[in-house]
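Have the model open in a viewer with residue labels switched on. The tour goes from one selection to the next and says what is there.

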Amino acid sequence: MIMKSGLEGPYGLTMDGIENAVKRPLAGVFALGHEDFEGRFRITRVGRSDSDLRFALQQFIGTSGFFKFLLTRTAHEGFLKECELFHRFRPPGNLAHPERPAGTTWTCPHCGGSRHHP
């Protein structure tokens, strides 16, 4: 069964690829990965930025070939989507559950996790 992420892409994980896909510094979630031998996108890491998705993606150039993304309206929406992706795809590049933003008490709707950002 092929699971869908609900993200746009894939785009090349390069400066040009990021700037062409994400036009402005906005909040969002992302998945990094590669295409398998059948052309399917395989997620290796998920993450988010509560303010500048472009900058967050730029930090991973050279670690994966491609990325997918979804812009989010709020930090809470981004946190929930990142948790969903983490639990659905179990990416090998994520060693720990996504962190909630500092100053929040949000918990993951999938596991009740409440790991917070220091």
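Select Arg88 and Glu84 and show their side chains: the two meet in a salt bridge, with 2.7 Å from N to O. This is a predicted model, and the distances quoted on the tour are computed from it. Both Arg88 and Glu84 belong to helix H3 (residues 75-89), where they sit four residues apart, about one turn of the helix. Arg88 is partly exposed, at a relative accessible area of 33%. Glu84 also counts as partly exposed, with 22% relative accessibility.

Next, select Asp36, Glu38, Arg40 and Arg42. Salt bridges with shared partners join these four residues into one network. Within the network, zoom in on Asp36 and Arg40, whose side chains form a salt bridge of 3.0 Å, N to O. Which of these side chains is buried, and which is partly exposed? Asp36 is buried, with a relative accessible area of 14%, while Arg40 is partly exposed at 27%. As general background, side chains of opposite charge can pair when their charged atoms come close. A search of the whole structure gives eight salt bridges.

Now switch to a cartoon view and pick out strand S2 (residues 28-35) together with S3. The two strands pair in the antiparallel sense, over eight bridges. To see the register, select Leu32 and look across to S3, where Arg45 stands opposite. Then move to the hairpin of S2 and S3, which has five residues between the strands. Gly39 in this hairpin takes a positive phi near 85°.

Follow S3 along to Arg48 and add Asp50 to the selection. Asp50 forms a salt bridge with Arg48, and the closest N and O atoms are 3.0 Å apart. Arg48 is buried, with a relative accessible area of 18%, whereas Asp50 counts as partly exposed at 34% relative accessibility.

Select Ser49, which is found in strand S3 (residues 41-49). Ser49 is buried, at a relative accessible area of 9%. What does the side chain of Ser49 reach? One partner is the backbone nitrogen of Ser51, at 3.2 Å. Another is the backbone nitrogen of Asp52, which lies 2.8 Å from a polar atom of the Ser49 side chain. Expand the selection to the surroundings: leaving out residues up to four places away in sequence, Ser49 touches Ala27, Gly28 and Ala56.

The next stop is the aromatic rings. How many aromatic pairs are there? The count comes to five aromatic pairs. Select Tyr11 and Phe67 for one of them: the pair is tilted, with 5.6 Å centre to centre and 35° between the planes. Tyr11 is in strand S1 (residues 8-12) and Phe67 is in strand S4 (residues 66-71), so this pair ties together parts that are 56 residues apart in sequence. Tyr11 is partly exposed, with a relative accessible area of 29%, but Phe67 counts as buried at 0% relative accessibility. Add Phe69, which forms a tilted pair with Phe67: here the centres are 6.1 Å apart and the planes are at 40°. Both Phe67 and Phe69 are buried. Keep the three rings on screen together, as ring pairs link Tyr11, Phe67 and Phe69 into a cluster.

Last, look at the cysteines. How many disulfides does a search of the whole structure find? The search finds zero disulfides. Select Cys108 and show the sulfur: Cys108 is in no disulfide, and the nearest cysteine sulfur, that of Cys111, is 3.8 Å away. Why does this pair not count as a disulfide? The 3.8 Å between the sulfurs of Cys108 and Cys111 fails the requirement that the two atoms lie within 2.5 Å. Turn on the surface to compare the two residues. Cys108 is buried, with a relative accessible area of 3%, whereas Cys111 counts as partly exposed at 45% relative accessibility.

Definitions and conventions. Residues numbered from 1 in each chain as written. Predicted model: local features only at pLDDT ≥ 70, side-chain atom pairs only at ≥ 80, totals over all residues. Heavy atoms only, no water. Buried < 20%, exposed > 50% of the residue type's maximum accessible area, 1.4 Å probe, protein only. Phe/Tyr/Trp six-rings, centres within 6.5 Å; stacked < 30°, edge-to-face > 60°. Polar contact = N/O pair within 3.5 Å; in protein donor to acceptor, adjacent residues only side chain to side chain. Contact = heavy atoms within 4.5 Å. Pairing = 2+ DSSP bridges.
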